[in-house]
Amino acid sequence: MSDVIATERTRTNWAGNVTYRASALAHPTSTDELQRLVASTPRLTALGSRHSFNTIADTDAVQVSLQDLPPVLDIDTSRRVVRVAAGMTHSQVAAGLEARGWALANLASLPHISTAGAVATGTHGSGVRNPSLAQAVVGLDVVRASGAIEHVDASSPDGALDAHRVAIGALGVVTAVELAIEPTFQVATTVHLDLPWDAVSAHFDEVMSDAYSVSMFTSFDHRGARQVWVKHRVDEAAPAVNLVALGARPATGPVHPGENDPAGVTEQGGVPGPWAERLPHFRSSFTPSTGAEIQAEYLIPAASAVTALEALRPLASVFAPILIAAEIRTIAPDTAWLAPSSGRQSVGIHFTFRRDAAAVAAAVSRIEEALAPFDPRPHWGKVSGMSVEGLHDAYPRLTDFAAVARDVDPTGRFRNAYLARVLS
Ligand SMILES: Cc1cc2nc3c(=O)[nH]c(=O)nc-3n(C[C@H](O)[C@H](O)[C@H](O)COP(=O)(O)OP(=O)(O)OC[C@H]3O[C@@H](n4cnc5c(N)ncnc54)[C@H](O)[C@@H]3O)c2cc1C
């Protein structure tokens, strides 16, 4: 075994609801070391920042973290592309870009997650014109089972880039990601409280498309959308929807979408600031919560959103003991084969539950029953009870993806129990 493998056993995911079974955690410090490790280890799984809620990043063999690889942030201004080391977090990448006058189009709610991990699961933010981060990928370097590095981009044959964008760890260890960038921009976040359900239903599309990135938070109870976060890009037309006229009231101070101290959320109150300090909901300098939570999320076609929300509302009493917050976001279509937003304008219905695995499993089963008519696609990084057949129905390119995985990794070097099940 390589000397970069520590004897220390990997502990748990960030939320503490998955105890990793890995026999070892490797921390290579150079790409060469990583390549030798991959070539000499019969089975290994890449580990990002451990923010997934299921066993997707677990293995009973070796986990490999890229945290100790040197950071890279090279901007090609003529191509409008940044090349970053795959293990760098959103906040590291965002700070580096912002300092040099550049931006990513969108970010997830949490700046602490790794670039490769976010891309690998189709992680997204909100915005009717904003696809997932995976869609911003114009190229990537991946260490294959042989230890060789391959570059994949739009010129690679057979739509390889779209197979590799959301690769759920199955196609190799990604060492570098090239992302489309644009000149930096400013965003101002305003929050309104308690938008009644009638207004949500009657004006859903209008509200969600009224600014660059809009999120609604709800408990599915009588309060309707108890928070509406409108993130307005200041170089665009001002939001036109009058949320007060629709029955909401302006927040009088900063609010947290869950139960934590609002000091940890990015600035609200309509104060313009750089994209990197507004698009994530949480500040990078704060732990967003204790982590004692479990998340589930389903992406459905945007056109079904209002009916789907109505189908979930009768479950408010099921959710009440365990739901910290549910968030509703929009995601523009992706070309990635396995993106939950692949090929369709989507609405994501996300649930942050308390860390009570049995109660969450029961709630998730009720959610999946309620959402079944709406063709839901579960988020790869969150919990779901969907069968393998269900996943194949939800993700029509899953069989094609499994064939690519067999092709690039015939001995199953990157195969863990999660992938063995999903790609069977
Ligand atoms: C508090 C919180 C907030 C979140 N907010 C959002 C959100 O706003 N939007 C959203 O869509 N999701 C969100 N998520 C989910 C999160 O973005 C995903 O679970 C994401 O995959 C986490 O990235 P990670 O680096 O922790 O990956 P991990 O959980 O460590 O791994 C996830 C997958 O990525 C693979 N992977 C990691 N690194 C590499 C690599 N170098 N090469 C190849 N494969 C790799 C792993 O093998 C595994 O398959 C949130 C999660 C938390 C805990």
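How far is an oxygen atom of the ligand from a polar backbone atom of Ser-49? The distance is 2.8 Å, and the points below, which concern a predicted model, set that contact in its surroundings.

1. Polar contacts of the ligand. Besides the pair formed with Ser-49, an oxygen atom of the ligand lies 2.7 Å from a polar backbone atom of Gly-48, and an oxygen atom of the ligand is also found 2.9 Å from a backbone N or O atom of Gly-117. The ligand taken by itself would expose 960 Å², and 98% of that area is buried by the protein.

2. The shell around the ligand. The ligand is surrounded by 36 residues, of which the closest are Ala-46, His-51, Ser-52, Ser-114 and His-124. Sorted by character, the shell holds 16 nonpolar residues, 16 polar residues and four charged ones.

3. Where the shell comes from. Two or more residues of the shell are given by each of strand 3 (44-47), helix 3 (115-120), strand 10 (173-180) and strand 17 (293-301). Among these elements a reader may wish to look at helix 3, which gives the most to the shell, namely four residues.

4. The two domains. The domain assignment of the chain gives domain 1, covering residues 73-183, and domain 2, covering residues 186-389. Their centres, taken over C-alpha atoms, are separated by 24 Å, and the contact takes 37 residues from domain 1 and 38 residues from domain 2. The ligand also concerns both domains, in that the shell around the ligand draws at least three residues from each of domain 1 and domain 2.

5. Pro-378 and its surroundings. Pro-378 lies in strand 20, which runs over residues 377-378. Is this residue, Pro-378, buried or exposed? Pro-378 counts as buried because its relative accessibility is 4%, and the cut-off for that term is under 20%. Leaving aside residues up to four places away in sequence, Pro-378 touches Glu-297, Tyr-298, Pro-340, Ser-384, Met-386, Leu-391 and Tyr-395. Two of these partners, Glu-297 and Tyr-298, fall within the bounds of strand 17 (293-301), one of the elements that give two or more residues to the shell around the ligand.

6. A separation in sequence and space. For Pro-378 and Gly-224, the separation is 154 residues along the sequence, while the distance in space from C-alpha to C-alpha is 24 Å. Gly-224 is not listed among the residues that Pro-378 touches.

Terms used. Residues numbered from 1 in each chain as written. Predicted model: local features only at pLDDT ≥ 70, side-chain atom pairs only at ≥ 80, totals over all residues. Heavy atoms only, no water. Near = heavy atom within 4 Å. Polar contact = N/O pair within 3.5 Å; in protein donor to acceptor, adjacent residues only side chain to side chain. Areas by Shrake-Rupley, 256 points an atom, 1.4 Å probe, with all protein chains shown as cover. Nonpolar A, V, L, I, M, F, W, Y, C, P; charged D, E, K, R; others polar. Domains from an automatic or database assignment. Buried < 20%, exposed > 50% of the residue type's maximum accessible area, 1.4 Å probe, protein only. Contact = heavy atoms within 4.5 Å.
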